Amino acid sequence: MNSRRTKSVFAAVSALAVLALGATACASSDKASTGSGSPNASAANPGGEKIKVVASTDVWGSVVTAVGGDKVEVTSIIHDPSADPHSYETTASDAIAAKNAKLTLSNGGGYDEFFSKLADQATGAQKLVAVDIAATGNENEHVWYSLPGVEKIADQLAAKLGEIQPASKDAFTANATAFKGKTQELLKKVSGLGASNAKVVATEPVAHYLLDSAKVTDATPPAFAEAVEAEQDVPAAALNEVKQLISGKQVKALINNAQTTTPVTQQVVGDAKNAGIAVVDVTETLPQGVTDYIAWMTKEVDALAGALK
């Protein structure tokens with residue numbers, strides 16, 4: 001500031017006032033462009049900046065990326081194959097990501113209960129729940145293995161992203177259409193794999209919807225699957241039934257959740273290998289080094305097809 005008296009002081013004060021007004025105007029402009037001052041998510045991103053999206057797992061994060069392309073910035077809370085969504089505890093960085101999100105996508109169905117608290121903190125965000133959108137009519141929560149369900153979720157993502165950033169609406173719709181074209185190819189590959197009345201057993205009902213699309217019968221005793229999923233002791237009768245199905249080669253494959261390892265699952269995997277029964281590993285989150293939903297699911301489908309042949 002110039003320290004001269006009278007006119008100089010007046011001029012300096014006037015200049016500061018102008019600068020202050022300018023700064024206030026800039027601040028208001030910045031606030032409007034980020035949408036941080038408005039609860040209306042649809043007005044938050046007119047088309048310039050990336051839409052911040054928070055997904056509960058990297059599986060759903062990869063679907064968001066497929067639909068949103070380079071116009072989204074995705075944070076997947078569970079992105080480590082060793083992390084368990086059932087017991088995950090949120091962190092401060094998770095809360096910050098949720099607070100800044102314009103859209104959230106969770107699995108629902110009791111699978112990722114940790115995310116409900118984060119969703120509550122995302123006060124300005126559109127909120128999508130995969131289980132509700134997929135509407136499978138089945139209580140199995142692993143809906144990312146339901147290809148028709150994932151297609152519905154892709155459509156909803158395109159619609160919501162288009163509301164948030166109207167200028168990119170056509171791009172989101174086109175991306176969802178391209179994504180669904182790939183899931184349709186997978187469905188064609190899966191359909192009819194179990195036409196020969198093929199049966200399998202599974203350590204957990206993770207791939208239920210994929211087996212259903214393939215028309216493959218899951219012969220796993222319910223007591224076995226329920227005990228493993230609930231981390232409880234497997235009843236001896238149920239374990240013996242599984243072992244007999246394997247040793248008697250009454251099933252074509254063992255579907256193994258590679259992310260849940262217990263002495264019992266290790267035992268039945270070993271029994272299957274010894275009996276010459278194919279073991280198909282499935283996972284609940286993306287394997288290490290995999291970021292693309294279609295590439296991941298293609299490997300899962302190919303593994304199942306190979307086992308059933």
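**Exercise 1. Find the partner of Glu73 in a salt bridge, and state which parts of the chain the pair ties together.**

Glu73 forms a salt bridge with Lys52, and the closest N and O atoms of the pair are 3.4 Å apart, where a salt bridge is a side-chain nitrogen of Lys or Arg within 4 Å of a carboxyl oxygen of Asp or Glu. The model is predicted, so that local features need pLDDT of at least 70 and side-chain atom pairs count only at pLDDT 80 or more, whereas totals for chains, interfaces and linings use all residues. Residues are numbered from 1 along each chain as its sequence is written, and side-chain values use heavy atoms, with hydrogens and water left out.

Next, place the two residues: Glu73 lies in strand S2 (residues 72-78) and Lys52 in strand S1 (residues 51-57), so the pair ties together parts that are 21 residues apart in sequence. Helices (H or I, at least four residues) and strands (E, at least two) are DSSP runs, numbered from the N terminus.

Finally, Glu73 counts as partly exposed at 40% relative accessibility, and Lys52 is partly exposed with a relative accessible area of 31%; buried means under 20% relative accessible area, exposed over 50%, and partly exposed in between (1.4 Å probe, protein chains only).

**Exercise 2. Describe how helices H7 and H12 pack, and which salt bridge joins Asp302 of H12 to H7.**

Begin with the geometry: helix H7 (residues 169-190) and H12 pack at an angle of about 5°, with their axes 10 Å apart, the axes being lines fitted to C-alpha atoms, for helices over the stretch in contact, with angles running from 0 to 180 degrees between N-to-C directions. That makes H7 roughly parallel to H12, since angles under 35 degrees count as roughly parallel, over 145 as roughly antiparallel, 65 to 115 as roughly perpendicular and the rest as oblique.

Then list the contact (heavy atoms within 4.5 Å): H7 contributes Phe179, Lys182, Thr183, Leu186, Lys189 and Val190, while H12 contributes Tyr293, Ile294, Met297, Thr298, Val301 and Asp302.

The last step concerns Asp302, which forms a salt bridge with Lys189, the closest N and O atoms being 3.1 Å apart. Asp302 lies in helix H12 and Lys189 in helix H7, so this pair ties together parts that are 113 residues apart in sequence. Asp302 counts as partly exposed at 38% relative accessibility, and Lys189 also counts as partly exposed, at 38%.

**Exercise 3. Identify the largest nonpolar core and the helix that gives it the largest share.**

The largest nonpolar core has 59 residues, and those with the most contacts inside it are Trp60, Trp144, Tyr145, Leu157, Ile255, Tyr293 and Trp296; such a core is a set of buried Ala, Val, Leu, Ile, Met, Phe, Trp, Tyr and Cys residues joined through side-chain atoms within 4.5 Å. Its largest share, nine residues, comes from helix H12 (residues 293-308).

As a closer look, Trp296 touches residues including Val59, Trp144, Tyr145 and Leu286, when residues up to four places away in sequence are not counted. A second, separate core of 18 residues includes Phe224, Leu239, Leu245 and Ile246.

**Exercise 4. Locate Lys215 and Glu231, and describe their phi values.**

Lys215, in the loop between helix H8 (208-213) and strand S6 (217-218), has a positive phi near 60° and is exposed, with a relative accessible area of 55%. Glu231, found in the loop between helix H9 (222-229) and helix H10 (236-247), has a positive phi of about 60° although it is not a glycine, and Glu231 is exposed, with a relative accessible area of 68%.
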